Amino acid sequence: MADTNARVPEGATGVLVLASGEVLFGRGFGAVGSAVGEVCFHTAMTGYQEAMTDPSFEKQIITFTFPHIGNVGANAEDLEATNAHALGCIVREDVTAPSSFRSAQRFDEWLKQNGRIGLSGIDTRALTRMIRVQGAPNGVIAHDPEGKFDIPALIEQARAWPGLEGMDLAKDVSALQSYQWGDGLWTLGEGYAVDAAAPDAPHVVAIDYGLKRNILRNLVAAGARVTVVPATATFEDVMRHAPDGVFLSNGPGDPAATGAYAVPVIRQLLEVGKPIFGICLGHQMLGLAVGAKTYKMHQGHRGANHPVKRVGSVEGAGRVEITSMNHGFAVDADSLPANAEATHVSLFDGSLAGLRLTDKPAFSVQYHPEASPGPQDSHYLFEQFVGALKDVGMNIIELRQLISQLPAQIAESPEFFDGGVVIRVTGKTQKINSLIAEAEANGLTAYRIGKDKEDGFVGIDAPIAVPDAAWVASTGKVICSIFHNAGATALNFDTQPKIR
(Lines give C-alpha, C1' and ligand atoms only; values in the text may rest on other atoms or scores of the structure.)
Protein backbone atom coordinates (compact mmCIF):
# COMPACT_ATOMS: atom_id res chain seq x y z
CA MET A 1 0.00 0.00 0.00
CA ALA A 2 1.20 3.46 -0.84
CA ASP A 3 1.91 6.23 1.66
CA THR A 4 -0.90 8.79 1.90
CA ASN A 5 1.55 11.67 1.46
CA ALA A 6 3.57 10.11 -1.34
CA ARG A 7 4.10 12.12 -4.48
CA VAL A 8 2.80 10.91 -7.79
CA PRO A 9 5.40 8.43 -9.10
CA GLU A 10 6.91 9.03 -12.51
CA GLY A 11 4.80 7.42 -15.21
CA ALA A 12 1.71 7.07 -12.99
CA THR A 13 -1.43 8.08 -14.88
CA GLY A 14 -4.01 6.44 -12.65
CA VAL A 15 -4.79 6.22 -8.94
CA LEU A 16 -7.11 4.55 -6.45
CA VAL A 17 -7.74 6.63 -3.35
CA LEU A 18 -9.55 5.05 -0.40
CA ALA A 19 -11.60 6.74 2.30
CA SER A 20 -9.03 5.47 4.82
CA GLY A 21 -6.46 7.74 3.17
CA GLU A 22 -4.52 4.98 1.43
CA VAL A 23 -3.39 5.78 -2.12
CA LEU A 24 -2.47 3.28 -4.84
CA PHE A 25 -0.84 4.61 -8.00
CA GLY A 26 -0.88 2.80 -11.32
CA ARG A 27 -1.41 3.25 -15.03
CA GLY A 28 -4.77 4.58 -16.13
CA PHE A 29 -6.60 3.39 -19.25
CA GLY A 30 -10.06 3.71 -20.70
CA ALA A 31 -11.96 6.90 -19.95
CA VAL A 32 -10.31 9.96 -18.40
CA GLY A 33 -11.77 11.39 -15.21
CA SER A 34 -12.72 10.13 -11.76
CA ALA A 35 -15.53 8.13 -10.14
CA VAL A 36 -16.44 7.37 -6.53
CA GLY A 37 -18.01 4.18 -5.25
CA GLU A 38 -17.48 0.97 -3.30
CA VAL A 39 -14.33 -1.03 -4.07
CA CYS A 40 -14.91 -4.78 -4.28
CA PHE A 41 -13.13 -7.80 -5.74
CA HIS A 42 -14.24 -10.36 -8.31
CA THR A 43 -12.60 -13.78 -8.60
CA ALA A 44 -13.79 -14.97 -12.03
CA MET A 45 -11.09 -15.78 -14.58
CA THR A 46 -13.37 -14.92 -17.50
CA GLY A 47 -16.35 -12.72 -18.24
CA TYR A 48 -14.92 -9.30 -17.45
CA GLN A 49 -17.17 -7.67 -20.05
CA GLU A 50 -20.27 -9.34 -18.60
CA ALA A 51 -19.21 -8.19 -15.14
CA MET A 52 -18.69 -4.60 -16.23
CA THR A 53 -22.19 -4.50 -17.76
CA ASP A 54 -23.95 -6.28 -14.88
CA PRO A 55 -26.36 -3.71 -13.36
CA SER A 56 -25.68 -5.21 -9.92
CA PHE A 57 -22.24 -3.52 -10.06
CA GLU A 58 -23.78 -0.03 -10.19
CA LYS A 59 -21.72 2.38 -8.03
CA GLN A 60 -18.92 -0.18 -7.60
CA ILE A 61 -15.28 -0.39 -8.68
CA ILE A 62 -14.23 -3.95 -9.50
CA THR A 63 -10.85 -5.38 -8.52
CA PHE A 64 -10.28 -8.38 -10.78
CA THR A 65 -8.15 -10.98 -8.99
CA PHE A 66 -7.25 -12.74 -12.25
CA PRO A 67 -4.17 -10.89 -13.59
CA HIS A 68 -4.82 -11.03 -17.34
CA ILE A 69 -7.94 -8.95 -17.94
CA GLY A 70 -8.69 -7.75 -21.45
CA ASN A 71 -6.73 -10.45 -23.24
CA VAL A 72 -9.72 -11.60 -25.32
CA GLY A 73 -10.87 -8.10 -26.19
CA ALA A 74 -14.48 -7.01 -26.30
CA ASN A 75 -17.46 -7.61 -28.56
CA ALA A 76 -21.12 -6.70 -28.94
CA GLU A 77 -22.45 -10.05 -27.70
CA ASP A 78 -20.97 -10.41 -24.21
CA LEU A 79 -23.16 -7.72 -22.67
CA GLU A 80 -25.56 -8.11 -19.78
CA ALA A 81 -27.12 -4.68 -20.29
CA THR A 82 -27.13 -1.92 -22.87
CA ASN A 83 -24.65 0.16 -20.87
CA ALA A 84 -21.68 -0.50 -18.60
CA HIS A 85 -22.62 -0.21 -14.92
CA ALA A 86 -19.45 -0.81 -12.91
CA LEU A 87 -17.67 2.52 -12.45
CA GLY A 88 -14.30 1.10 -13.38
CA CYS A 89 -11.91 -1.79 -12.94
CA ILE A 90 -8.56 -2.44 -11.26
CA VAL A 91 -6.20 -5.01 -12.79
CA ARG A 92 -2.67 -6.31 -12.28
CA GLU A 93 -1.31 -6.39 -15.83
CA ASP A 94 -1.64 -3.86 -18.63
CA VAL A 95 -4.35 -4.61 -21.18
CA THR A 96 -2.77 -6.34 -24.17
CA ALA A 97 -3.84 -6.76 -27.78
CA PRO A 98 -6.80 -9.18 -27.89
CA SER A 99 -6.30 -12.81 -28.79
CA SER A 100 -9.75 -14.15 -29.70
CA PHE A 101 -11.61 -14.72 -32.94
CA ARG A 102 -14.68 -13.16 -31.28
CA SER A 103 -12.96 -9.88 -30.43
CA ALA A 104 -14.26 -6.73 -32.13
CA GLN A 105 -12.11 -4.18 -30.27
CA ARG A 106 -9.59 -3.83 -27.49
CA PHE A 107 -10.95 -3.86 -23.95
CA ASP A 108 -9.36 -0.51 -23.08
CA GLU A 109 -11.01 1.03 -26.15
CA TRP A 110 -14.35 -0.44 -25.08
CA LEU A 111 -13.94 1.08 -21.60
CA LYS A 112 -13.21 4.49 -23.08
CA GLN A 113 -16.18 4.22 -25.41
CA ASN A 114 -18.41 3.42 -22.43
CA GLY A 115 -17.01 6.10 -20.14
CA ARG A 116 -15.43 3.67 -17.68
CA ILE A 117 -12.02 4.00 -16.02
CA GLY A 118 -9.36 1.30 -15.83
CA LEU A 119 -6.33 1.12 -13.55
CA SER A 120 -3.46 -1.34 -14.13
CA GLY A 121 -0.18 -2.03 -12.36
CA ILE A 122 -1.89 -2.53 -9.00
CA ASP A 123 -1.02 -5.31 -6.57
CA THR A 124 -4.52 -6.78 -6.75
CA ARG A 125 -3.63 -9.60 -4.36
CA ALA A 126 -2.72 -7.12 -1.63
CA LEU A 127 -5.83 -5.03 -2.32
CA THR A 128 -8.03 -8.12 -2.19
CA ARG A 129 -6.52 -9.20 1.13
CA MET A 130 -7.12 -5.74 2.52
CA ILE A 131 -10.80 -5.89 1.50
CA ARG A 132 -11.15 -9.33 3.07
CA VAL A 133 -9.75 -8.06 6.37
CA GLN A 134 -11.18 -4.54 6.53
CA GLY A 135 -14.33 -4.88 4.42
CA ALA A 136 -15.28 -3.25 1.11
CA PRO A 137 -14.11 0.40 1.32
CA ASN A 138 -15.35 3.54 -0.38
CA GLY A 139 -12.88 4.86 -2.90
CA VAL A 140 -12.19 7.05 -5.92
CA ILE A 141 -10.66 5.74 -9.14
CA ALA A 142 -9.08 8.40 -11.35
CA HIS A 143 -7.26 8.58 -14.69
CA ASP A 144 -5.30 11.54 -16.00
CA PRO A 145 -2.84 10.99 -18.91
CA GLU A 146 -0.68 13.80 -17.49
CA GLY A 147 -0.58 12.28 -14.02
CA LYS A 148 -2.02 15.32 -12.26
CA PHE A 149 -4.07 14.36 -9.19
CA ASP A 150 -5.31 16.37 -6.22
CA ILE A 151 -4.91 13.57 -3.69
CA PRO A 152 -6.34 15.42 -0.65
CA ALA A 153 -9.45 16.35 -2.66
CA LEU A 154 -9.87 12.75 -3.84
CA ILE A 155 -9.58 11.50 -0.26
CA GLU A 156 -12.30 13.91 0.83
CA GLN A 157 -14.46 12.79 -2.11
CA ALA A 158 -14.10 9.16 -1.00
CA ARG A 159 -14.93 10.04 2.60
CA ALA A 160 -17.94 12.13 1.65
CA TRP A 161 -19.57 9.35 -0.36
CA PRO A 162 -22.28 7.80 1.89
CA GLY A 163 -21.81 4.17 0.82
CA LEU A 164 -24.31 1.61 -0.48
CA GLU A 165 -26.29 1.17 2.73
CA GLY A 166 -29.60 2.97 2.39
CA MET A 167 -29.19 3.44 -1.38
CA ASP A 168 -32.02 2.46 -3.70
CA LEU A 169 -30.24 1.94 -7.03
CA ALA A 170 -32.84 -0.26 -8.71
CA LYS A 171 -34.71 2.77 -10.01
CA ASP A 172 -31.50 4.04 -11.61
CA VAL A 173 -30.80 0.89 -13.62
CA SER A 174 -34.30 -0.49 -14.28
CA ALA A 175 -36.12 -0.32 -17.58
CA LEU A 176 -38.35 2.76 -17.85
CA GLN A 177 -41.19 0.93 -19.58
CA SER A 178 -42.44 -2.59 -20.21
CA TYR A 179 -41.18 -4.65 -23.13
CA GLN A 180 -41.32 -8.17 -24.53
CA TRP A 181 -38.28 -10.48 -24.58
CA GLY A 182 -38.07 -13.51 -26.83
CA ASP A 183 -34.37 -14.31 -27.46
CA GLY A 184 -32.73 -17.48 -26.19
CA LEU A 185 -29.22 -18.68 -25.38
CA TRP A 186 -26.03 -18.20 -27.37
CA THR A 187 -24.43 -20.99 -29.40
CA LEU A 188 -21.12 -21.01 -31.26
CA GLY A 189 -21.56 -20.06 -34.89
CA GLU A 190 -25.22 -19.16 -34.42
CA GLY A 191 -25.17 -16.38 -31.84
CA TYR A 192 -28.26 -15.81 -29.74
CA ALA A 193 -31.49 -17.59 -30.63
CA VAL A 194 -33.78 -14.88 -31.98
CA ASP A 195 -37.53 -14.90 -31.29
CA ALA A 196 -37.22 -18.28 -29.60
CA ALA A 197 -40.25 -17.90 -27.30
CA ALA A 198 -43.37 -19.77 -28.40
CA PRO A 199 -46.54 -17.64 -28.45
CA ASP A 200 -48.42 -20.21 -26.32
CA ALA A 201 -45.59 -20.66 -23.79
CA PRO A 202 -46.15 -19.92 -20.09
CA HIS A 203 -46.05 -16.18 -19.54
CA VAL A 204 -43.47 -14.87 -17.06
CA VAL A 205 -43.52 -11.24 -15.99
CA ALA A 206 -40.01 -10.22 -14.89
CA ILE A 207 -39.73 -7.27 -12.52
CA ASP A 208 -36.55 -5.46 -13.49
CA TYR A 209 -34.55 -4.30 -10.46
CA GLY A 210 -31.42 -4.36 -12.65
CA LEU A 211 -31.68 -7.67 -14.45
CA LYS A 212 -29.05 -9.38 -16.56
CA ARG A 213 -29.99 -10.35 -20.09
CA ASN A 214 -28.84 -13.92 -19.66
CA ILE A 215 -31.56 -14.43 -17.07
CA LEU A 216 -34.15 -13.57 -19.71
CA ARG A 217 -32.43 -15.87 -22.21
CA ASN A 218 -32.54 -18.74 -19.71
CA LEU A 219 -36.22 -18.19 -19.00
CA VAL A 220 -36.92 -18.39 -22.74
CA ALA A 221 -34.68 -21.44 -23.13
CA ALA A 222 -36.62 -23.13 -20.33
CA GLY A 223 -39.83 -22.63 -22.32
CA ALA A 224 -41.30 -19.28 -21.23
CA ARG A 225 -42.27 -16.09 -22.99
CA VAL A 226 -41.27 -13.02 -21.03
CA THR A 227 -42.56 -9.53 -20.41
CA VAL A 228 -40.27 -7.17 -18.49
CA VAL A 229 -41.74 -4.44 -16.27
CA PRO A 230 -39.94 -1.62 -14.40
CA ALA A 231 -38.83 -1.94 -10.78
CA THR A 232 -41.58 0.47 -9.75
CA ALA A 233 -44.38 -1.52 -11.39
CA THR A 234 -47.44 -1.81 -9.17
CA PHE A 235 -49.39 -4.99 -8.46
CA GLU A 236 -51.98 -3.85 -11.01
CA ASP A 237 -49.23 -3.22 -13.58
CA VAL A 238 -47.94 -6.77 -13.16
CA MET A 239 -51.36 -8.45 -13.19
CA ARG A 240 -52.41 -6.47 -16.26
CA HIS A 241 -50.09 -8.75 -18.24
CA ALA A 242 -51.88 -11.89 -16.94
CA PRO A 243 -48.71 -13.69 -15.80
CA ASP A 244 -48.54 -17.40 -15.15
CA GLY A 245 -45.53 -16.66 -12.94
CA VAL A 246 -43.49 -13.69 -11.74
CA PHE A 247 -39.71 -13.36 -11.73
CA LEU A 248 -37.87 -11.02 -9.33
CA SER A 249 -34.56 -9.95 -10.82
CA ASN A 250 -31.11 -9.19 -9.51
CA GLY A 251 -30.03 -5.60 -9.01
CA PRO A 252 -27.81 -3.18 -7.09
CA GLY A 253 -28.08 -1.27 -3.84
CA ASP A 254 -29.56 -1.86 -0.42
CA PRO A 255 -32.52 -4.27 -0.51
CA ALA A 256 -34.14 -2.51 2.44
CA ALA A 257 -34.26 0.73 0.43
CA THR A 258 -35.65 -0.91 -2.71
CA GLY A 259 -38.06 -2.89 -0.57
CA ALA A 260 -39.91 0.28 0.40
CA TYR A 261 -41.86 0.07 -2.86
CA ALA A 262 -41.08 -3.47 -4.07
CA VAL A 263 -42.08 -5.49 -0.99
CA PRO A 264 -45.77 -4.42 -0.90
CA VAL A 265 -46.15 -5.53 -4.53
CA ILE A 266 -44.53 -8.90 -3.83
CA ARG A 267 -46.78 -9.45 -0.81
CA GLN A 268 -49.83 -8.88 -2.98
CA LEU A 269 -48.50 -11.34 -5.54
CA LEU A 270 -48.01 -13.90 -2.78
CA GLU A 271 -51.54 -13.30 -1.52
CA VAL A 272 -53.06 -14.24 -4.87
CA GLY A 273 -50.76 -17.25 -5.10
CA LYS A 274 -48.72 -16.30 -8.15
CA PRO A 275 -45.66 -18.57 -8.57
CA ILE A 276 -42.52 -16.51 -7.87
CA PHE A 277 -38.82 -17.06 -8.57
CA GLY A 278 -36.22 -14.57 -7.35
CA ILE A 279 -32.49 -14.17 -7.96
CA CYS A 280 -29.99 -12.05 -5.98
CA LEU A 281 -31.79 -8.80 -5.09
CA GLY A 282 -35.02 -10.59 -6.00
CA HIS A 283 -34.13 -13.24 -3.41
CA GLN A 284 -33.65 -10.50 -0.83
CA MET A 285 -36.95 -8.88 -1.84
CA LEU A 286 -38.79 -12.18 -1.31
CA GLY A 287 -37.11 -12.58 2.07
CA LEU A 288 -38.19 -9.09 3.15
CA ALA A 289 -41.71 -9.71 1.84
CA VAL A 290 -42.20 -12.64 4.23
CA GLY A 291 -40.73 -10.82 7.21
CA ALA A 292 -37.04 -11.76 7.12
CA LYS A 293 -34.25 -9.22 7.55
CA THR A 294 -31.28 -8.32 5.34
CA TYR A 295 -27.80 -7.09 6.26
CA LYS A 296 -24.69 -5.61 4.66
CA MET A 297 -21.95 -8.22 4.28
CA HIS A 298 -18.36 -7.62 5.35
CA GLN A 299 -16.85 -8.16 1.89
CA GLY A 300 -19.63 -9.63 -0.20
CA HIS A 301 -19.52 -12.54 -2.64
CA ARG A 302 -18.42 -11.84 -6.20
CA GLY A 303 -17.01 -14.39 -8.58
CA ALA A 304 -17.73 -17.54 -10.55
CA ASN A 305 -16.36 -20.20 -8.21
CA HIS A 306 -18.63 -20.08 -5.16
CA PRO A 307 -19.68 -23.49 -3.77
CA VAL A 308 -23.28 -23.73 -2.58
CA LYS A 309 -24.85 -26.72 -0.84
CA ARG A 310 -28.48 -27.81 -1.13
CA VAL A 311 -30.01 -28.27 2.32
CA GLY A 312 -33.29 -29.00 4.04
CA SER A 313 -36.00 -30.95 2.27
CA VAL A 314 -35.08 -29.68 -1.18
CA GLU A 315 -34.54 -32.36 -3.84
CA GLY A 316 -30.89 -33.38 -4.00
CA ALA A 317 -30.10 -32.15 -0.50
CA GLY A 318 -26.40 -32.54 0.17
CA ARG A 319 -25.31 -31.84 -3.39
CA VAL A 320 -22.89 -29.01 -4.05
CA GLU A 321 -23.20 -26.58 -6.95
CA ILE A 322 -20.44 -24.24 -8.12
CA THR A 323 -22.12 -20.92 -8.71
CA SER A 324 -21.65 -17.36 -9.89
CA MET A 325 -22.29 -14.68 -7.27
CA ASN A 326 -22.43 -10.91 -7.09
CA HIS A 327 -23.91 -9.46 -3.91
CA GLY A 328 -22.92 -7.34 -0.94
CA PHE A 329 -26.13 -7.84 1.04
CA ALA A 330 -27.76 -11.06 2.24
CA VAL A 331 -30.88 -12.41 3.94
CA ASP A 332 -30.38 -13.25 7.61
CA ALA A 333 -31.16 -16.98 7.87
CA ASP A 334 -32.03 -16.65 11.56
CA SER A 335 -34.80 -14.17 10.69
CA LEU A 336 -36.70 -16.49 8.33
CA PRO A 337 -40.32 -17.02 9.38
CA ALA A 338 -41.79 -20.47 10.02
CA ASN A 339 -43.20 -20.72 6.48
CA ALA A 340 -39.78 -20.13 4.84
CA GLU A 341 -37.26 -22.93 4.50
CA ALA A 342 -33.55 -22.56 3.74
CA THR A 343 -32.71 -24.50 0.57
CA HIS A 344 -29.08 -23.51 -0.12
CA VAL A 345 -26.14 -22.26 1.93
CA SER A 346 -22.74 -20.87 0.96
CA LEU A 347 -19.88 -23.21 1.78
CA PHE A 348 -17.55 -20.21 2.06
CA ASP A 349 -19.22 -18.58 5.05
CA GLY A 350 -22.48 -20.44 5.73
CA SER A 351 -24.66 -17.49 4.65
CA LEU A 352 -28.12 -18.15 3.26
CA ALA A 353 -28.03 -18.82 -0.48
CA GLY A 354 -31.59 -19.95 -1.17
CA LEU A 355 -35.07 -20.22 0.34
CA ARG A 356 -38.54 -21.40 -0.49
CA LEU A 357 -41.94 -20.91 1.07
CA THR A 358 -43.77 -23.95 2.39
CA ASP A 359 -47.24 -22.49 1.90
CA LYS A 360 -46.82 -20.58 -1.36
CA PRO A 361 -45.34 -21.45 -4.79
CA ALA A 362 -42.32 -19.18 -4.29
CA PHE A 363 -38.56 -19.74 -4.08
CA SER A 364 -35.36 -17.79 -4.61
CA VAL A 365 -31.58 -18.02 -4.65
CA GLN A 366 -28.92 -15.50 -3.69
CA TYR A 367 -26.55 -16.59 -6.45
CA HIS A 368 -26.80 -16.35 -10.25
CA PRO A 369 -27.94 -19.60 -11.90
CA GLU A 370 -27.78 -17.90 -15.31
CA ALA A 371 -23.99 -17.48 -14.76
CA SER A 372 -22.60 -15.27 -17.54
CA PRO A 373 -19.89 -15.49 -16.49
CA GLY A 374 -19.66 -18.73 -14.57
CA PRO A 375 -20.63 -22.40 -14.36
CA GLN A 376 -23.99 -23.77 -15.39
CA ASP A 377 -24.60 -26.12 -12.46
CA SER A 378 -27.79 -24.28 -11.51
CA HIS A 379 -29.57 -23.89 -14.85
CA TYR A 380 -32.05 -26.48 -13.57
CA LEU A 381 -33.71 -23.74 -11.48
CA PHE A 382 -35.07 -22.07 -14.62
CA GLU A 383 -36.43 -25.40 -15.84
CA GLN A 384 -37.92 -26.04 -12.40
CA PHE A 385 -39.70 -22.68 -12.36
CA VAL A 386 -40.97 -22.66 -15.94
CA GLY A 387 -41.74 -26.39 -15.86
CA ALA A 388 -44.06 -25.83 -12.92
CA LEU A 389 -45.86 -23.09 -14.85
CA LYS A 390 -46.51 -25.51 -17.68
CA ASP A 391 -48.26 -27.83 -15.24
CA VAL A 392 -50.01 -25.35 -12.97
CA GLY A 393 -52.75 -23.08 -14.17
CA MET A 394 -55.04 -22.02 -11.36
CA ASN A 395 -53.61 -22.19 -7.85
CA ILE A 396 -55.31 -22.99 -4.56
CA ILE A 397 -56.03 -19.34 -3.71
CA GLU A 398 -57.64 -18.71 -7.10
CA LEU A 399 -59.56 -21.97 -6.58
CA ARG A 400 -60.93 -20.74 -3.26
CA GLN A 401 -62.07 -17.54 -4.95
CA LEU A 402 -63.77 -19.54 -7.70
CA ILE A 403 -65.49 -21.85 -5.22
CA SER A 404 -66.86 -18.84 -3.36
CA GLN A 405 -68.70 -17.92 -6.55
CA LEU A 406 -70.14 -21.38 -7.19
CA PRO A 407 -73.56 -21.31 -5.50
CA ALA A 408 -75.05 -18.87 -8.01
CA GLN A 409 -73.47 -20.71 -10.92
CA ILE A 410 -74.75 -24.16 -9.91
CA ALA A 411 -78.16 -23.24 -8.52
CA GLU A 412 -79.76 -25.43 -11.19
CA SER A 413 -77.35 -28.34 -10.67
CA PRO A 414 -78.32 -30.13 -7.44
CA GLU A 415 -76.18 -33.10 -8.52
CA PHE A 416 -73.18 -31.06 -7.48
CA PHE A 417 -74.32 -31.01 -3.85
CA ASP A 418 -75.07 -34.72 -3.82
CA GLY A 419 -72.02 -35.97 -5.67
CA GLY A 420 -69.29 -33.83 -4.19
CA VAL A 421 -66.64 -32.08 -6.20
CA VAL A 422 -65.85 -34.07 -9.33
CA ILE A 423 -62.27 -33.85 -10.54
CA ARG A 424 -61.48 -34.77 -14.12
CA VAL A 425 -58.00 -36.22 -14.49
CA THR A 426 -56.41 -36.47 -17.93
CA GLY A 427 -53.30 -38.60 -18.17
CA LYS A 428 -51.94 -42.09 -17.85
CA THR A 429 -53.64 -44.64 -15.58
CA GLN A 430 -50.57 -44.70 -13.32
CA LYS A 431 -50.93 -40.97 -12.69
CA ILE A 432 -54.64 -41.28 -12.02
CA ASN A 433 -53.99 -44.03 -9.48
CA SER A 434 -51.32 -41.85 -7.88
CA LEU A 435 -53.77 -38.96 -7.48
CA ILE A 436 -56.33 -41.28 -5.91
CA ALA A 437 -53.72 -42.59 -3.49
CA GLU A 438 -52.70 -39.04 -2.54
CA ALA A 439 -56.33 -38.12 -1.88
CA GLU A 440 -56.90 -41.16 0.31
CA ALA A 441 -53.65 -40.55 2.17
CA ASN A 442 -55.06 -37.16 3.12
CA GLY A 443 -58.22 -38.64 4.56
CA LEU A 444 -60.42 -38.02 1.53
CA THR A 445 -62.73 -40.54 -0.05
CA ALA A 446 -61.76 -40.97 -3.69
CA TYR A 447 -63.31 -43.01 -6.47
CA ARG A 448 -63.04 -43.31 -10.23
CA ILE A 449 -65.79 -42.90 -12.80
CA GLY A 450 -65.54 -43.15 -16.56
CA LYS A 451 -64.08 -45.89 -18.74
CA ASP A 452 -61.84 -44.10 -21.26
CA LYS A 453 -58.30 -45.39 -20.84
CA GLU A 454 -56.95 -41.86 -21.27
CA ASP A 455 -59.56 -40.17 -19.07
CA GLY A 456 -60.42 -41.09 -15.51
CA PHE A 457 -62.74 -39.25 -13.18
CA VAL A 458 -61.98 -38.94 -9.49
CA GLY A 459 -64.67 -37.70 -7.14
CA ILE A 460 -63.70 -36.15 -3.81
CA ASP A 461 -66.27 -36.62 -1.04
CA ALA A 462 -66.30 -32.98 0.08
CA PRO A 463 -69.38 -31.22 -1.30
CA ILE A 464 -68.80 -27.56 -2.09
CA ALA A 465 -65.62 -27.58 0.03
CA VAL A 466 -62.21 -26.85 -1.38
CA PRO A 467 -60.09 -30.02 -1.71
CA ASP A 468 -57.52 -30.29 1.05
CA ALA A 469 -54.88 -27.61 0.39
CA ALA A 470 -51.96 -29.92 1.21
CA TRP A 471 -53.25 -32.53 -1.22
CA VAL A 472 -53.81 -29.98 -3.95
CA ALA A 473 -50.32 -28.58 -3.43
CA SER A 474 -48.79 -32.06 -3.46
CA THR A 475 -50.22 -32.82 -6.89
CA GLY A 476 -48.74 -29.67 -8.36
CA LYS A 477 -51.57 -29.74 -10.93
CA VAL A 478 -54.23 -27.20 -10.18
CA ILE A 479 -55.80 -25.92 -13.39
CA CYS A 480 -59.47 -25.38 -12.87
CA SER A 481 -62.66 -24.42 -14.70
CA ILE A 482 -66.42 -25.00 -14.44
CA PHE A 483 -67.97 -27.46 -16.86
CA HIS A 484 -71.35 -29.17 -17.32
CA ASN A 485 -71.56 -32.83 -18.25
CA ALA A 486 -74.78 -34.86 -18.32
CA GLY A 487 -76.46 -32.42 -15.98
CA ALA A 488 -73.62 -32.35 -13.47
CA THR A 489 -71.41 -29.40 -12.64
CA ALA A 490 -67.82 -29.87 -11.62
CA LEU A 491 -64.39 -28.34 -11.27
CA ASN A 492 -61.93 -29.35 -13.94
CA PHE A 493 -58.32 -30.25 -13.09
CA ASP A 494 -55.93 -31.36 -15.83
CA THR A 495 -52.69 -33.10 -14.94
CA GLN A 496 -51.14 -32.06 -18.26
CA PRO A 497 -53.04 -28.88 -19.16
CA LYS A 498 -52.47 -26.77 -22.19
CA ILE A 499 -51.38 -23.24 -21.37
CA ARG A 500 -54.42 -20.98 -21.53
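In helix α4, the residues Ile 151, Leu 154, Ile 155 and Ala 158 are buried, a term that denotes under 20% relative accessible area, with exposed meaning over 50% and partly exposed in between (1.4 Å probe, protein chains only). Seen down the axis of α4, these buried residues fall within an arc of 105°, so they line one face of the helix; the arc is that of the directions from the helix axis to the C-beta atoms. An α-helix has 3.6 residues a turn, so residues three or four places apart point the same way. The face of α4 turned away from the buried side carries the exposed residues Pro 152 and Ala 160.

The model is predicted: local features need pLDDT of at least 70, side-chain atom pairs count only at pLDDT 80 or more, and totals for chains, interfaces and linings use all residues. Residues are numbered from 1 along each chain as its sequence is written, and side-chain values use heavy atoms, with hydrogens and water left out.

**The barrel and its helices**

Helices (H or I, at least four residues) and strands (E, at least two) are DSSP runs, numbered from the N terminus. A closed barrel of 7 strands follows the order β1-β2-β6-β5-β4-β3-β7, with mixed pairing. From one strand to the next, the twist averages 35°; axes are lines fitted to C-alpha atoms, for helices over the stretch in contact, and angles run from 0 to 180 degrees between N-to-C directions. Two strands pair if DSSP finds at least two bridges between them. Strands β5 (residues 88-90) and β6 (residues 117-120) run parallel and are joined by 3 bridges. Within β6, Gly 118 is the bridge partner of Cys 89.

Helix α3 (residues 124-134) lies across β1, β3, β4 and β5, at about 75° to β3. Helix α4 (residues 151-160) packs on the sheet and touches β1, β2, β3 and β7, its direction making about 50° with that of β1. The buried residues of α4 pack against β1, β2, β3 and β7, where contact means heavy atoms within 4.5 Å.

**Aromatic rings**

The structure holds 7 aromatic pairs. Rings of Phe, Tyr and Trp (its six-membered ring) pair if their centres lie within 6.5 Å; planes under 30 degrees apart count as stacked, over 60 as edge-to-face and the rest as tilted. Phe 277 and Phe 363 form a stacked pair, 4.6 Å centre to centre with 20° between the planes. This pair links distant parts of the chain, since Phe 277 is in strand β14 and Phe 363 in strand β19, 86 residues apart. Both Phe 277 and Phe 363 are buried. Ring pairs also link Phe 247, Phe 277, Phe 363, Phe 382 and Phe 385 into a cluster.

**Backbone features and cysteines**

Two residues other than glycine with positive phi are listed below.

| Residue | Phi | Loop | Relative accessible area |
|---|---|---|---|
| Asp 195 | near 50° | between β10 (191-192) and β11 (203-208) | 64%, exposed |
| Cys 280 | about 60° | between β14 (276-279) and α9 (281-289) | 2%, buried |

A cis peptide bond, with omega of about 5°, joins Ser 372 and Pro 373. Pro 373 is found in the loop between β19 (362-365) and α10 (380-391).

Cys 89 is buried, with a relative accessible area of 0%. A disulfide is a pair of cysteine sulfur atoms within 2.5 Å, and by this rule the count comes to 0 disulfides.
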